[in-house]
Amino acid sequence: MARLVKLHDENPDPRKVRQVLEVLNQNGLIVCPTDTVYSFATKLGSSKGFDRLSKAKGIKPNQAHFSLLCADLSDLSKYATHIGNPLFKMMKRKLPGPYTFVLPASGEVPKLYKGKKRTIGIRVPQHAVAQHLLRELGSPLVVSSVHDEDAVLEYTTDPELILERYNHLVDLVVDGGIGHLEASTVLDCTGSEPQVLRLGLGAIDDLW
């Protein structure tokens, strides 16, 4: 049975933070807040956690296109390649923020994911709780948005409702308050010019 752990933005309770980290370090699957919508999350490199995330999303592990949630851009060269100076400057200007940058994956990525993954989505959230967890964990998280079953609302914003719906699939839900209704803006940066794959919370009028 999953449990709800409340973490406040300004001063997260260290004991509660340890509870979340213990779950992640033991191949756990959690739901955590970001600067956009709530996301399923597991520690990068956890094979069991990755399989559980795939199951929660109803996707075969070798067909998954999940993103990496990172504390900053320090891991960029490890998981992505062919990042030119203009693109890197744009990412530095926009991150942390509500953007997902789809980049050519490095040779590390297929080892961490199931399948021959050639691209990777990189997110750096502007959210105090998510940032605190990432820095304390010392590793990126593999994430995918929590969708709503409602025909009108695409995303579930209430952590208590998320717990009620997914308690049989996850170990823990981090309550960071009510989430947003919009996901991140997704930019495909694998070609010569960035292409908008999904328009979300991140503005695109001042990207270039």
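Which residues form one aromatic cluster? In this predicted model, the cluster is made up of F50, F66 and Y113, and a search through the whole structure turns up 4 aromatic pairs.

To place such details, it helps to begin with the overall build. The protein contains 7 helices and 10 strands. Its radius of gyration is 16 Å, close to the 17 Å that the globule rule gives for 208 residues, so the protein is as compact as a globular protein of that length. Measured out along the principal axes, the C-alpha trace spans about 45 × 35 × 35 Å.

The interior and the surface can be described in turn. Of the 208 residues, 51% are buried, and among the contacts with a separation of 6 or more, 64% are between residues that lie 24 or more positions apart. The accessible surface comes to about 10,300 Å², and carbon and sulfur atoms account for 49% of that area. As for charge, the protein carries 25 positive and 24 negative side chains, and the centres of these two sets are 9 Å apart.

From here the reader can turn to one residue, V124, which sits in the loop between β6 (119–123) and α6 (128–137). Is V124 buried or exposed? Its relative accessibility is 2%, and because buried means under 20%, V124 counts as buried. Leaving aside residues up to four places away in sequence, V124 touches D35, C70, A71, D72, L73, L95, P96, G97 and Q131. S184 is 60 residues away from V124 along the chain, and the C-alpha atoms of the two are separated by 11 Å.

Two of the residues that V124 touches, L95 and P96, lead to a feature of the backbone, since a cis peptide bond joins L95 and P96, with omega at about 0°. P96 itself is found in the loop between α4 (85–94) and β5 (99–104).

Two further loop residues deserve a look for their backbone angles. N27, which is not a glycine, has a positive phi of about 60°, and N27 is located in the loop between α1 (14–25) and β2 (30–32). With a relative accessibility of 30%, N27 counts as partly exposed. H82, likewise a residue other than glycine, has a positive phi near 55°, and its place is in the loop between α3 (76–79) and α4. The relative accessible area of H82 is 70%, and H82 is therefore exposed.

How values were computed. Residues numbered from 1 in each chain as written. Predicted model: local features only at pLDDT ≥ 70, side-chain atom pairs only at ≥ 80, totals over all residues. Heavy atoms only, no water. Helix = DSSP H or I, 4+ residues; strand = E, 2+ residues; numbered from the N terminus. Rg over C-alpha atoms; globule rule 2.2 N^0.38 Å. Buried < 20%, exposed > 50% of the residue type's maximum accessible area, 1.4 Å probe, protein only. Contact = heavy atoms within 4.5 Å. Areas by Shrake-Rupley, 256 points an atom, 1.4 Å probe, with all protein chains shown as cover. Lys, Arg positive; Asp, Glu negative; His and termini not counted. Charge placed at Lys NZ, Arg CZ, Asp CG, Glu CD. Phe/Tyr/Trp six-rings, centres within 6.5 Å; stacked < 30°, edge-to-face > 60°.
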